[in-house]
Amino acid sequence: MAAMSLASSAHALKLTARPPVAHARSARVVRAASAVKPASSAGVVGHGGGVSLCHQLRPTSGVTMSAGRPAGSPSRASSLRIRAMAEEAANKKNEDEKGAGIKQLLGVRGGSQTDNIWKIRLQLTKPVTWVPLIWGVMCGAAASGHYTWTFDNVGKALLCMVMSGPLLTGYTQTINDWYDREIDAINEPNRPIPSGAISEFDVQVQIYVLLFSGWAAAVTLDTWCEHDFPIVTILVLFGSWISYIYSAPPLKLKQEGWRGNYALGASYIALPWWAGQAVFGELSLDVMVLTVLYSIAGLGIAIVNDFKSIEGDRQCGLMSLPVAFGIEKAKWICVGSIDATQLAVAGYLRLIGEVGYSNMLLALIFPQIFFQFKFFLPDPIKNDVKYQASAQPFLVFGLLTTGLAWGHHINSIGA
């Protein structure tokens with residue numbers, strides 16, 4: 001207290017020496033402080049005509065002198081809001097990074113960059129594109145009417161799926177990226193080949209390893225199934241040739257619009273179906289015609305993939321349907337081919353007496369039409385991935401429904 005009194009006295013002398021205006025201002029400060037805490041408290045000390053506000057003065061009842069609000073409330077609320085916003089931003093960043101990592105592995109747009117060579121190799125095979133072909137094998141097995149759940153049949157089915165998906169679809173996607181590297185440098189410069197993430201030698205090695213492995217799997221299946229005629233091997237050789245001329249010059253079918261898209265659609269629907277049916281039964285002309293017609297829906301799926309590459313296709317002279325017809329016409333051609341094909345198949349199933357399966361197929365078509373109007377038709381460039389993720393599950397289940405219907409029909413005829 002002695003030190004405090006000396007400090008107050010010295011401060012009082014300074015105040016006394018100030019002009020009257022300063023003295024009056026100091027007096028107002030004291031009066032304001034008095035309203036918060038009585039002057040008789042130890043916090044206010046007066047000396048000889050001058051007054052001093054001690055640094056010990058504190059507002060009572062948690063009230064600040066400056067604003068008359070609870071002490072610390074505004075700053076605490078602001079800090080809590082800032083912390084919540086920071087946490088939300090960090091969580092969103094983590095989710096985006098995780099999503100980008102998954103996209104990279106699946107081989108779709110928006111994937112993150114990596115220097116892991118095995119992740120890059122997987123990205124080149126575009127695992128997201130394996131699903132329709134693996135599913136096509138299942139549809140063919142169902143259409144054979146002879147599939148039973150034995151260890152032997154499961155082993156054959158798994159080998160046929162690996163052959164159709166990771167091996168031969170992986171080969172198709174890798175060779176397509178190789179011959180599209182100049183276009184991808186415009187449309188998707190972060191793809192592994194144009195970005196330089198993988199060497200040209202490594203890409204070529206991957207192409208041949210996947211191709212020869214697919215051929216070896218086909219020969220193994222023909223031997224395992226004791227085929228007198230190597231039907232699976234013939235189908236694989238034909239499919240490999242289609243994949244090559246689709247991407248590689250001088251034919252490069254993808255430049256041809258209609259022919260290129262149909263070749264791609266047939267490869268995704270008819271060929272794996274035929275392979276699956278050949279492993280577990282016999283291919284017949286009527287089912288081959290049915291699947292070739294069903295491949296028109298695959299034409300529509302192939303067109304969906306062309307919208308994201310319009311700029312690069314136009315610059316490189318590729319006459320994809322969106323380039324040839326424009327976005328508005330191409331998007332209606334796309335959905336029309338998908339819907340009309342499935343409706344025709346549903347009608348055919350009803351015609352051959354498979355009414356229940358026909359109704360199931362119709363029930364799977366209508367959600368696809370809904371997502372076409374919700375996502376694809378308003379903006380086919382922005383919403384192509386969203387549309388495919390929403391609608392394609394219904395399309396592939398429609399394929400399985402058709403396969404089951406055909407297998408039931410075959411068995412009913414045999415009975």
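Trainee: Which helix gives the most to the lining of the second largest pocket?

Mentor: Helix 17 does, with 5 residues. Keep in mind that we are looking at a predicted model. Helix 5 and helix 6 also supply at least two residues each to that lining.

Trainee: How do you know that the second largest pocket lies between domain 1 (101-283) and domain 2 (284-414)?

Mentor: Both domains give residues to its lining, so the second largest pocket lies between them. The space in this pocket is about 340 Å³. Its lining has 18 residues, and M138, A141, A142, Y147 and W149 are the closest to its centre.

Trainee: What makes M138 and W149 count as nonpolar?

Mentor: Met and Trp are both in the nonpolar class, so these two residues count there. Over the whole lining of the second largest pocket, the division is 13 nonpolar, 5 polar and no charged.

Trainee: And the largest pocket, what is its volume?

Mentor: About 1,200 Å³. It is lined by 49 residues, with T129, Y268, N305, K308 and Q388 nearest its centre.

Trainee: Why is K308 called charged?

Mentor: Lys belongs to the charged class, so K308 counts as charged. The lining of the largest pocket has 12 charged residues, alongside 20 nonpolar and 17 polar ones.

Trainee: Which helix has the largest share of that lining?

Mentor: Helix 17 again, with 9 residues. Among the others supplying at least two residues are helix 10 (231-247), helix 11 (258-280) and helix 12 (285-306).

Trainee: Why is the largest pocket placed between the domains?

Mentor: Domain 1 and domain 2 both contribute residues to its lining, so the largest pocket lies between them.

Notes. Residues are numbered from 1 along each chain as its sequence is written. This is a predicted model: local features need pLDDT of at least 70, side-chain atom pairs count only at pLDDT 80 or more; totals for chains, interfaces and linings use all residues. Side-chain values use heavy atoms; hydrogens and water are left out. On a 1 Å grid over the protein atoms alone, a cavity is a set of points where a 1.4 Å probe fits but cannot get out, and a pocket is an open set with protein on both sides within 12 Å along at least five of seven lines; lining residues have an atom within 4 Å of a point. Grid points are joined across faces, edges and corners, and a volume is the space filled by probe spheres set on the points. Helices (H or I, at least four residues) and strands (E, at least two) are DSSP runs, numbered from the N terminus. Domain bounds come from an automatic or database domain assignment.
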